[in-house]
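The following note sets out my remarks on the model under review. The points are numbered for ease of reply.

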Amino acid sequence: MSWKNVCEMSQVKEDFPFSANIEGKKVGIYLIDGKYYALEDVCPHAYALLSQGFVDDGKVECPLHEAVFDVRTGQCLREPGGRNLQIYPTQVIDNQIQITFIAEE
């Protein structure tokens with residue numbers, strides 16, 4: 001399993017996720033109830049960075065068309081999302097948030 005550094009813990013706030021480009025993939029890092037989550041950052045309905053959307057109660061709303069996704073599971077909760085989002089395992093080592101792409105299907 002290969003872990004990639006994404007950002008420092010201080011760069012992620014509950015109301016302000018961190019957006020990164022890791023190995024050509026857009027990934028959003030979220031802080032929900034003290035735990036870090038990583039999921040695909042591009043809305044599948046139309047190109048928009050979900051990390052720029054509204055985050056509340058463990059959900060993120062697309063800034064363009066109001067699709068809503070569960071940050072913890074990637075599940076599309078309100079259309080027009082079109083599909084669930086890919087999620088990635090996270091870990092914190094020495095204040096660095098890391099992800100791995102091992103969970104891809």
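1. N95 sits in the loop that joins β10 (90-93) to β11 (96-99). In this predicted model, the residue has a phi near 70 degrees, a positive value although N95 is not a glycine. Its relative accessibility is 37%, so N95 counts as partly exposed. Most residues other than glycine have a negative phi, and most peptide bonds are trans.

2. A positive phi also occurs at E23, which is not a glycine either; the value there is about 50 degrees. E23 belongs to the loop between β2 (18-22) and β3 (25-32). With a relative accessible area of 52%, E23 is exposed. The authors may wish to comment on both loops.

3. The peptide bond that leads from E79 to P80 is cis, and its omega is near 25 degrees. P80 itself is placed in the loop between β8 and β9 (87-88).

4. The loop before β8 deserves a separate remark. Q75 lies there, between β7 (68-70) and β8 (76-78), and is partly exposed at a relative accessible area of 40%. Apart from neighbours within four places in sequence, Q75 contacts V68, F69, D70 and N84. The C-alpha atoms of Q75 and L85 are 6.3 Å apart, while ten residues separate the two in sequence.

5. What does K4 touch, once residues up to four places away in sequence are set aside? The partners are I22, E23, I97, Q98 and I99; E23 is the residue with the positive phi of about 50 degrees. K4 lies in strand β1 (residues 4-8) and is partly exposed, with a relative accessible area of 26%. Between the C-alpha atoms of K4 and C62 there are 26 Å in space and 58 residues along the chain.

6. On the cysteines, the model contains zero disulfides. Why do C62 and C43 not form one? The closest cysteine sulfur to that of C62 is in C43, at 3.8 Å, which is too far for a bond, because a disulfide requires the two sulfur atoms to be within 2.5 Å. C62 is buried, at 2% relative accessibility. C7 is likewise buried, with a relative accessible area of 2%.

7. As for the overall architecture, the protein has zero helices and eleven strands. Its pattern along the sequence is accordingly β-β-β-β-β-β-β-β-β-β-β. Of the contacts with a separation of 6 or more, 38% join residues 24 or more positions apart.

8. The dimensions can be stated briefly. The radius of gyration is 13 Å, which agrees with the value near 13 Å for a compact globule of 105 residues. The C-alpha trace spans about 40 × 30 × 20 Å along its principal axes.

9. Burial and surface complete the description. Of the 105 residues, 44% are buried. The accessible surface is about 5700 Å², and carbon and sulfur atoms contribute 47% of that area. The protein carries 9 positive and 16 negative charges, and the mean positions of the two sets are 3 Å apart.

Key: Residues are numbered from 1 along each chain as its sequence is written. This is a predicted model: local features need pLDDT of at least 70, side-chain atom pairs count only at pLDDT 80 or more; totals for chains, interfaces and linings use all residues. Side-chain values use heavy atoms; hydrogens and water are left out. Buried means under 20% relative accessible area, exposed over 50%, partly exposed in between (1.4 Å probe, protein chains only). Helices (H or I, at least four residues) and strands (E, at least two) are DSSP runs, numbered from the N terminus. The radius of gyration is taken over C-alpha atoms; the globule rule is 2.2 Å times the number of residues to the power 0.38. Contact means heavy atoms within 4.5 Å. Accessible areas come from the Shrake-Rupley method with a 1.4 Å probe; for residues, only the protein chains shown count as cover. Lys and Arg count as positive and Asp and Glu as negative; His and the chain ends are not counted. The place of a charge is taken as NZ of Lys, CZ of Arg, CG of Asp or CD of Glu.
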